[in-house]
Amino acid sequence: MTQETLFEVNAMPYRQAIPVYGYRFGSNKKTLAIMGAMRGDEFQQMYICAKLVKTLTKIEAEGNLNKDYGILVIPSASQFSMNVGKRFWPVDNTDINRMFPGYDKGETTQRLADSIFRELKGYQYGIQLASFYIAGEFLPHVRLMNTGYTNPDDGYLFGLPYLVLRKPKPYDTTTLNYNWQVFETDAFSVYTKATERLDEENANIALEAILRFMAKKGFIDYEGEFGTKTSFVEEYDMLTIQTKAAGLFIPIAKAGDLVLENEEIAEILSPYTAEKLEVIKAKKKGRVFFVRHAEAIMEHDLIFRIIPEEV
Amino acid sequence: MISNVVSLGLPVGEKLAIPRNRIKGEAKDNGKRICIVTGTHGDELEGQYVSFMLNKILEKNKSKLHGIVDIYPANNPLGISTIYRGLPGYDLDMNRMFPGSSHSSGFDYMVKKIYEDICGADLCIDIHASNIFLREIPQIRINENSVKTLLPLARHMNMDFVWVHQAATVLESTLAYSLNEAGTPTLVVEMGVGMRITKDYGDQLIDGIMATMKKMDMWDGDEAPIKPPIVSTDGHVGFINANESGLFIAYINHGRRVRKGEIIGAVVDSLDGTIKEELKSPVSGLVFTLREYPIVYNGSLIARVLGGL
């Protein structure tokens with residue numbers, strides 16, 4: 001393993017220079033790149049990459065990393081936001097993951113995206129540890145953007161419970177995942193339950209999934225945990241459950257639960273009297289894929305996504 | 001008549017409502033409707049003055065108005081009330097969420113209802129005020145795909161400049177793009193600076209709106225003289241970005257002409273007193289955008305210069 005300073009974020013005299021490190025394994029060949037945190041709250045994503053660097057260092061030292069392949073891990077490019085507790089670029093609240101492929105003569109976050117993409121471009125495979133724009137808990141899954149360049153088959157190699165295909169919206173066209181694919185990298189986003197907090201169990205699920213993918217591709221010799229059978233789901237087919245009332249949100253179902261049609265999955269309570277304002281029921285039998293994190297919730301808001309059983 | 005386009009319960013005992021004032025003319029109804037929309041970005045306030053003045057003028061002169069003027073002063077009331085550009089608590093730019101959705105968050109639903117309410121108007125004017133970082137001369141921005149429909153309307157708006165810009169996929173989620181796609185002609189006005197009101201610019205735009213209404217046979221009142229705008233495309237716009245971080249000191253005033261190579265300002269270091277970078281204009285022309293907020297980073301936009309004049 002070699003640690004390399006890929007570029008620096010320099011904002012003297014107001015902030016000290018911040019190096020963005022890459023950890024390289026194997027040869028110089030551009031085989032697999034893994035990107036961790038690009039937002040200031042993606043501590044779990046950075047942690048998964050850090051654990052990956054530690055594990056790959058050991059695998060390489062034991063001679064179990066195939067030297068024909070080159071692997072790059074970037075645990076974080078969001079230190080500038082992380083250290084001040086902000087999710088996005090703290091100056092103008094722009095999102096680096098909405099600036100790809102970047103522009104070296106553009107605005108600050110366009111230049112940052114350009115610096116990141118220069119390092120990540122040209123790899124055969126790319127994995128992003130991603131987070132969702134709404135805070136909540138997911139079932140671990142691999143997500144692909146349906147760009148027309150998509151190769152979903154390799155998504156099964158992670159051995160995670162679900163492989164989700166998303167039809168991109170206009171704002172998706174500036175994400176890393178989308179642009180990786182446009183530039184001919186087979187790109188996958190790996191989602192686990194947590195974002196802003198460290199969740200050991202789920203960090204290990206993501207770590208094992210990435211190592212499983214690498215082992216099945218022949219990049220490493222690794223005997224880890226067996227993965228699970230992967231179900232393919234189009235995001236469009238998931239059921240969306242929304243609130244009708246605003247108030248305190250008391251979820252009953254958890255991510256991963258199998259719920260029956262009309263089963264109670266949450267309650268909305270009055271914030272003043274704890275009176276039940278709404279009982280939320282599953283529209284169909286299915287697996288809870290996403291549960292919103294919120295103490296209190298507004299009217300008409302997204303609280304669950306459920307994969308119906310027949311999908 | 002003041003009503004709410006949409007009203008949603010917030011988590012703890014408050015309603016989020018999007019207000020609209022519908023002013024119905026008392027002159028012969030020709031079935032036309034104009035929408036004046038602003039406050040999508042909570043830190044942009046130039047449109048507040050325009051909304052106030054238009055309400056004042058039109059309420060007093062209904063006898064001279066044909067059809068309907070709908071004024072939406074606060075598309076993002078939570079943002080305006082908390083000095084926050086995006087949607088507080090949701091951290092997304094509302095102007096990247098159109099046309100909205102019934103199947104996602106409450107804010108997506110709110111966006112959908114606003115979009116649906118405006119759809120079908122004969123003209124929508126979407127007033128923006130740059131951001132807190134940059135000051136803009138009064139201008140209209142038009143996507144090149146809509147230039148045929150929008151440019152004739154934009155010429156009456158009394159703005160200094162019409163910028164016909166390239167289409168970008170990411171901009172397909174804006175209010176203006178979504179409405180234009182749906183056949184509701186929508187002009188985007190950019191003027192002034194975030195968190196401030198530039199009264200002269202507001203007055204200039206109001207004259208333009210009244211002139212445009214006159215052209216659309218919606219207004220029988222007086223019309224101030226309208227100056228034709230400079231019309232330009234991306235090819236004539238020169239960008240100046242900082243390549244260093246530090247404190248930006250402008251050497252020129254906003255809205256003046258510069259020569260190619262002229263130094264428009266410098267990025268300096270307040271710790272050691274050095275000049276880190278002097279920034280030169282890449283073209284001769286009009287400085288229509290100038291940095292207002294002095295702390296800059298590598299990449300911060302400093303100025304835009306309109307060449308080819």
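**A:Thr5 has A:Tyr21 as its bridge partner in β2(A).** The two strands involved, β1(A) and β2(A) (residues 15–26), pair in the antiparallel sense through 8 bridges. We say that two strands pair if DSSP finds at least two bridges between them. Together β1(A) and β2(A) make a hairpin, with 3 residues between them. The strand and helix names come from DSSP runs: a helix is H or I over at least four residues, a strand is E over at least two, and numbering starts from the N terminus. Before you go on, note that this is a predicted model, in which local features need pLDDT of at least 70 and side-chain atom pairs count only at pLDDT 80 or more, while totals for chains, interfaces and linings use all residues. Residues are numbered from 1 along each chain as its sequence is written, with chains lettered from A and ligands numbered from 1 in the order in which they are written.

**Chain A has an open sheet of 9 strands.** Walk across it and you meet the strands in the order β1-β2-β4-β3-β5-β9-β7-β8-β10, with mixed pairing. At the edges sit β1(A) and β10(A) (231–234), each pairing on one side only. From one strand to the next, the twist averages 20°. How do β5(A) and β9(A) run relative to each other, parallel or antiparallel? Strands β5(A) (residues 125–129) and β9(A) (residues 186–191) run parallel and are joined by 5 bridges. As an example to look for, A:Gln128 has A:Ser189 in β9(A) as its bridge partner. Helix α5(A) packs on this sheet and touches β3 (32–37), β5 and β9 of chain A, and its direction makes about 155° with that of β9(A).

**Helices α1 and α5 of chain A pack against each other.** Two packed helices are described by the angle between their axes and the distance between the axes. For α1(A) (residues 43–61) and α5(A) (residues 200–216), the angle is about 50° and the axes are 9 Å apart. That makes α1(A) oblique to α5(A); angles under 35 degrees count as roughly parallel, over 145 as roughly antiparallel, 65 to 115 as roughly perpendicular, and the rest as oblique. Axes are lines fitted to C-alpha atoms, for helices over the stretch in contact, and angles run from 0 to 180 degrees between N-to-C directions. The crossing of α1(A) past α5(A) is right-handed, meaning that the near helix is turned clockwise from the far one by less than a right angle (anticlockwise would be left-handed). Among the residues that meet are A:Tyr47, A:Ile48 and A:Leu52 of α1(A), and A:Leu207 and A:Ile210 of α5(A). This contact splits into 8 nonpolar, 2 polar and 1 charged residues.

**Helices α1 and α6 of chain B cross as well.** The axes of α1(B) (residues 46–60) and α6(B) (residues 199–215) come within 9 Å and cross at roughly 50°. That makes α1(B) oblique to α6(B). This crossing is right-handed. Residues that make the contact include B:Tyr49, B:Val50 and B:Met53 of α1(B), plus B:Leu205 and B:Ile209 of α6(B). The tally is 8 nonpolar, 1 polar and 2 charged.

**Chain B also has an open sheet of 4 strands.** The order is β14-β13-β11-β16, with antiparallel pairing. Its edge strands are β14(B) (275–280) and β16(B) (295–296), each pairing on one side only. Strands β11(B) (residues 246–250) and β13(B) (residues 263–268) run antiparallel and share 4 bridges. Look for B:Ala250, whose bridge partner in β13(B) is B:Gly265.

**A cis peptide bond joins A:Phe100 to A:Pro101, and another joins B:Phe98 to B:Pro99.** In chain A, omega is about 10°, and A:Pro101 lies in the loop between α2 (79–82) and α3. In chain B, omega is about 10° too, and B:Pro99 lies in the loop between α2 (77–81) and α3 (106–118).

**Chains A and B touch.** The contact takes in 35 residues of chain A and 32 of chain B, where a contact means C-beta atoms, placed from the backbone, within 7 Å. On the chain A side, β1 (2–11), α3 (108–120) and β17 (296–297) each give two or more residues. Which element gives the most? That is α3(A), with 3 residues. By class, the chain A side has 18 nonpolar, 10 polar and 7 charged residues. Ala, Val, Leu, Ile, Met, Phe, Trp, Tyr, Cys and Pro count as nonpolar, Asp, Glu, Lys and Arg as charged, and the others, Gly among them, as polar. The predictor gives the complex an ipTM of 0.89 and a pTM of 0.93.

Notes
Two residues are in contact if their C-beta atoms, placed from the backbone, lie within 7 Å.
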